[in-house]
Amino acid sequence: MSNTFLGDLIEVCFATEDCSRTMQGMVRLGIGPWRVYTFDGSSVADREYGGEPADWALKVAFADVGDIAFEIMQPLYGPSIIREFLDSHGEGVHHLAFDCGEAAWDSRAEEFARRGFRCSQAGRFMDSNAFAFFDTEGATTTTFETYTIPEGFVWPEPDEWFPGPPPAGEAPVVREQRS
């Protein structure tokens, strides 16, 4: 069967009530260091939830291992698909993200919609890195996401590093950003 449009798996995300506790467990497995950001109105443009503008905030941590980003999300306030997941399932793997073969951003959402999956939450980190989650759980048992990081995007210094920043003079492990 060759009707896929998802492209490469690029991320696995865990929902948690306590980002610090989850990062500690991941570090014990050798995953890290973690870059921790706050996704809120100061860092994410066009925040949506359920197809409407919404005021939400998440603590989001990233650690890259090979070609896969590990992500941890903790809700801080406002409605979010992470809050819904925690309330209905508890902590655990929340979503998988795909690059959709680097297709144009608008065509990705259109293809999800054409296949019957509406956008459940979206935004643009640093007004640049667009992301969107789709209501795929009922059909697949999990949420699917796609995001795009423009060529040349430079991640800002995180709010914090866990367990600490890379040693002086050593760059953090960050996957190459594709166009």
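# Exercises on a predicted structure

Glutamate 11 lies in strand 1, where helices (H or I, at least four residues) and strands (E, at least two) are DSSP runs, numbered from the N terminus. The model is a predicted one, in which local features need pLDDT of at least 70 and side-chain atom pairs count only at pLDDT 80 or more, while totals for chains, interfaces and linings use all residues. Residues are numbered from 1 along each chain as its sequence is written, and side-chain values use heavy atoms, with hydrogens and water left out.

## Exercise 1

Determine whether glutamate 11 is buried or exposed, and describe its surroundings.

*Solution.* Begin with the accessibility: buried means under 20% relative accessible area, exposed over 50% and partly exposed in between, with a 1.4 Å probe and protein chains only. Glutamate 11 has a relative accessible area of 1%, and therefore counts as buried.

Next, look for contacts, meaning heavy atoms within 4.5 Å. Apart from residues up to four places away in sequence, glutamate 11 touches Phe62, Ile68, Ala69, Glu71, His95, Leu96, Ala97, Glu145 and Tyr147. For alanine 97, which is 86 residues away along the chain, the C-alpha atom is separated from that of glutamate 11 by 4.9 Å.

Last, search for a polar contact, which is a pair of N or O atoms within 3.5 Å; within protein, one must be able to donate a hydrogen and the other to accept it, and residues adjacent in sequence count only if both atoms are side-chain atoms. The side chains of glutamate 11 and histidine 95 make such a contact, at 3.1 Å.

## Exercise 2

Describe the aromatic pair of phenylalanine 39 and phenylalanine 125, and place it in its setting.

*Solution.* Rings of Phe, Tyr and Trp (its six-membered ring) pair if their centres lie within 6.5 Å; planes under 30 degrees apart count as stacked, over 60 as edge-to-face and the rest as tilted. The whole structure holds 15 aromatic pairs. In the one formed by phenylalanine 39 and phenylalanine 125, the centres are 4.4 Å apart and the planes differ by 10 degrees, and the pair is stacked.

The two partners come from distant parts of the chain, since phenylalanine 39 is in strand 2 (residues 34–39) and phenylalanine 125 in strand 8 (residues 119–125), 86 residues apart. Phenylalanine 39 is buried at a relative accessible area of 4%, and phenylalanine 125 is buried at 1%. Both belong to one aromatic cluster, whose members also include Trp56, Phe131 and Trp155.

Now consider the nonpolar core, a set of buried Ala, Val, Leu, Ile, Met, Phe, Trp, Tyr and Cys residues joined through side-chain atoms within 4.5 Å. The largest core has 25 residues, and Phe39, Phe125 and Phe131 have the most contacts inside it. Helix 2 provides the largest share of this core, with 4 residues.

## Exercise 3

Find which residues of helix 3 (residues 105–114) are buried, and how they are arranged.

*Solution.* The buried residues are Arg108, Glu111 and Phe112. They cover an arc of only 100 degrees around the axis, so they are on the same side of helix 3; the arc is that of the directions from the helix axis to the C-beta atoms. On the other side of helix 3, Asp106, Glu110 and Arg114 are exposed.

The packing partners of the buried residues are strand 9 and strand 10. Just after helix 3 comes glycine 116, with a positive phi of about 95 degrees.

## Exercise 4

Trace the polar contacts made by the side chain of threonine 146.

*Solution.* First locate threonine 146, which is part of strand 10 (residues 143–148) and is buried, at 1% relative accessibility. Its side chain reaches the backbone oxygen of phenylalanine 98 at 2.8 Å. A further polar contact, also of 2.8 Å, joins the side chain of threonine 146 to that of arginine 108. Among the residues in contact with threonine 146, with neighbours within four places in sequence left aside, are Cys100, Trp105, Phe112 and Phe131.

## Exercise 5

Identify what lies at the start of helix 1 (residues 19–28) and what follows this helix.

*Solution.* At the start of helix 1, a side-chain oxygen of aspartate 18 comes within 3.1 Å of the backbone nitrogen of serine 20. After the helix comes glycine 30, with a positive phi near 90 degrees.
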